[in-house]
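Open the model in your viewer and set it to a cartoon view with side chains available on demand. The stops below say what to select next and what is there.

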Amino acid sequence: MFVGAGLLVGVAAGPAQAAGVSYATRCVPPAASGLDPVEGTTEVQITAPATAGVGDEVEVVWKFTRAASKNPDLIDLPADSVQPSGTLKAAGAQTADLAMQGPRKNPAIPKGGAMVLSDMKGTLKLTAPGTVTLTPDAYSINAFSTDTKCAPTETVKPAATIEVTGAPTSPSPTPTSTPSTTPSGTASTQPSGSASASPSDSGGQTDFTGKEVSVAYACKTPIGDKNATSPVQIDARKNGGGFDLTVRFKKSVMDSPADIPANSVKPSMEVVLGGADKGTVHVEGPANAQPIKSGDPIAVPDLTGTYKPGASGESTLAPGVLTVKALGTTTTCTPQTSQVSLTLDTTRQEGGASGGGGSTSTSGGTSSGSTSTSGGLAETGSDSHGALRALGLVAGTVILLGGAVFTFLPRRHPH
């Protein structure tokens with residue numbers, strides 16, 4: 001974290017200066033979250049050298065003194081779970097869009113609390129003599145693989161100026177800007193505009209790998225309401241005009257303290273569509289083929305189904321309602337947040353998902369989309385017990401399914 005002045009690389013550095021500006025801002029959560037846009041005010045302080053020379057590279061610091069939106073009144077954000085990135089516009093003697101980024105560094109932010117964002121940095125190479133103005137522009141807030149995008153709704157005044165002296169070292173230089181090196185431990189290396197995995201616009205691409213997202217579930221069981229959290233990933237394989245989907249619970253297993261007979265546990269899910277498409281896609285997994293002894297882990301099987309697009313454009317897929325049938329009972333788990341795992345470029349197919357509430361669920365499925373709330377940034381967070389106990393729920397939360405007790409536990413990655 002830089003507490004004071006921006007730094008100038010070069011002998012022509014003058015004293016640092018800091019200036020602030022505020023501007024009306026509209027923040028838009030991810031499409032799949034179901035949240036309404038938020039109107040607010042962003043207050044920013046920009047620190048940069050007051051003077052510099054042509055050819056120098058100067059480092060600029062963007063400090064948030066106020067974000068445009070608060071954390072929604074839903075769940076807490078854990079420490080070190082939020083990362084800002086944005087664009088600072090240079091104008092005057094030279095024009096450039098300076099990429100800014102801060103580390104994933106923040107205190108725990110309670111429900112309804114003010115967003116606390118780390119300082120962002122960027123490096124600008126000066127190419128022409130004269131006055132260069134620095135004006136904050138759009139920025140994004142990333143939390144648990146979701147991005148909330150904030151942009152000015154009015155003309156923003158410059159927050160700082162640099163008086164550049166000297167002459168260009170080469171004719172007609174091209175203004176350049178480079179983002180500063182992301183501190184170690186930061187989850188991403190550049191601003192991310194999507195919670196999706198690899199893009200789907202490659203003509204020959206057939207397999208699409210989704211991003212692992214941590215999903216908090218509120219579960220209604222036959223003997224009471226319980227909560228649990230689990231990482232989920234949605235992958236797709238192109239099949240004609242549609243896609244074969246596979247939903248993977250990659251990093252969790254269930255431990256059972258009771259004997260469970262074969263063919264007595266069967267999961268299914270309604271994958272939530274967003275972006276260009278609307279509705280849900282039903283996926284389900286096989287029942288346990290073998291009996292499970294007390295104390296043995298129960299790996300959540302892959303859930304599979306077919307997605308037939310009902311719209312053309314960028315369509316998002318997010319984990320939705322999970323239904324688990326076990327020992328003659330049914331438990332329904334509803335996500336408390338909607339996080340996009342995969343974005344696909346889709347082409348509308350006759351009888352596809354859009355507009356009709358999604359694909360028809362097979363027997364045992366539960367038709368539902370994700371729950372949504374009004375206002376605020378994309379809801380992600382955790383309780384006070386630690387950073388990666390994601391989305392307000394700690395690992396080890398118990399789900400009661402009839403007479404059996406299942407516990408979500410992390411599975412270690414093999415190395």
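Select strand E23, residues 322-326, in this predicted model. Four of its five residues are buried, so E23 is largely enclosed by the rest of the structure. Now add strand E18, residues 265-275: E18 and E23 run antiparallel and are joined by five bridges. To find the register, pick Lys266, whose bridge partner in E23 is Lys325.

Next add strand E24, which pairs with E23 in the antiparallel sense, again over five bridges. Here the residues to pick are Thr323 and its bridge partner in E24, Thr332. Two residues separate E23 from E24, and the two strands form a hairpin. Stop at Leu327 in the turn, where phi is positive, at about 50 degrees.

Stay on E24 for the cysteines. Which residue is joined to Cys219 by a disulfide? Select Cys333: the S to S distance is 2.1 Å. Cys219 lies in strand E14 (residues 213-221) and Cys333 in strand E24 (residues 329-335), so the disulfide ties together parts that are 114 residues apart in sequence. The torsion about this S-S bond is 110 degrees, and the link is right-handed. Cys219 and Cys333 are both buried.

A search of the whole structure finds two disulfides. For the other, select Cys27 and Cys150, whose sulfur atoms are 2.1 Å apart. The torsion about their S-S bond is about 110 degrees, so this disulfide is right-handed. Cys27 sits in strand E2 and Cys150 in strand E10 (residues 146-152), so the pair ties together parts that are 123 residues apart in sequence. Both Cys27 and Cys150 are buried. With the bonded cysteines of the protein chain numbered in sequence order, the pairing reads 1-2, 3-4.

Now for the nonpolar cores. Show Ile46, Trp62, Leu134 and Tyr139, the residues that touch the most other members of the largest nonpolar core, which has 38 residues. The elements that give two or more residues to this core include strand E2 (16-28), strand E3 (38-49), strand E5 (57-66) and strand E9 (130-143). E9 supplies the largest share, five residues. Apart from this core lies another one, of 31 residues; to locate it, select Val265, Val271, Leu317 and Leu344, which are among its members.

Return to strand E8, one of the elements that give two or more residues to the largest core, and pick Gly122, which is placed in this strand. Is Gly122 buried or exposed? At 0% relative accessibility, Gly122 counts as buried. Draw a distance from its C-alpha atom to that of Leu98: the two residues are 24 apart along the chain, and the separation is 6.4 Å.

The next selections are charged side chains. Side chains of opposite charge can pair when their charged atoms come close. The structure holds ten salt bridges. Begin with Arg26 and Glu39, whose side chains meet at 3.2 Å, N to O. Arg26 is in strand E2 and Glu39 in strand E3, so this pair ties together parts that are 13 residues apart in sequence. Arg26 is partly exposed, at 36% relative accessibility, while Glu39 is exposed, at 54%.

Then select Lys63 and Asp119, a salt bridge with its closest N and O atoms 3.8 Å apart. Lys63 lies in strand E5 and Asp119 in the loop between E7 and E8, so the pair ties together parts that are 56 residues apart in sequence. Lys63 is partly exposed, at 35%, but Asp119 is buried, at 8%.

Move on to Arg348 and Glu350, whose side chains form a salt bridge at 3.8 Å, N to O. Glu350 is exposed, with a relative accessible area of 64%. Last among the charged groups, show Asp235, Arg248 and Asp302 together: they are linked in a network of salt bridges.

Finally, zoom out to the whole chain. The protein chain has 27 strands and zero helices. Of its 415 residues, 48% count as buried. Among contacts between residues at least 6 apart in sequence, 74% join residues at least 24 apart. Switch to a surface view to end the tour: the protein chain exposes about 17,700 Å², with carbon and sulfur atoms supplying 52% of it.

Technical notes
Residues numbered from 1 in each chain as written. Predicted model: local features only at pLDDT ≥ 70, side-chain atom pairs only at ≥ 80, totals over all residues. Heavy atoms only, no water. Core = buried A, V, L, I, M, F, W, Y, C linked by side-chain atoms within 4.5 Å. Buried < 20%, exposed > 50% of the residue type's maximum accessible area, 1.4 Å probe, protein only. Disulfide = S-S within 2.5 Å. Pairing = 2+ DSSP bridges. Contact = heavy atoms within 4.5 Å. Areas by Shrake-Rupley, 256 points an atom, 1.4 Å probe, with all protein chains shown as cover. Salt bridge = Lys/Arg side-chain N within 4 Å of Asp/Glu carboxyl O.
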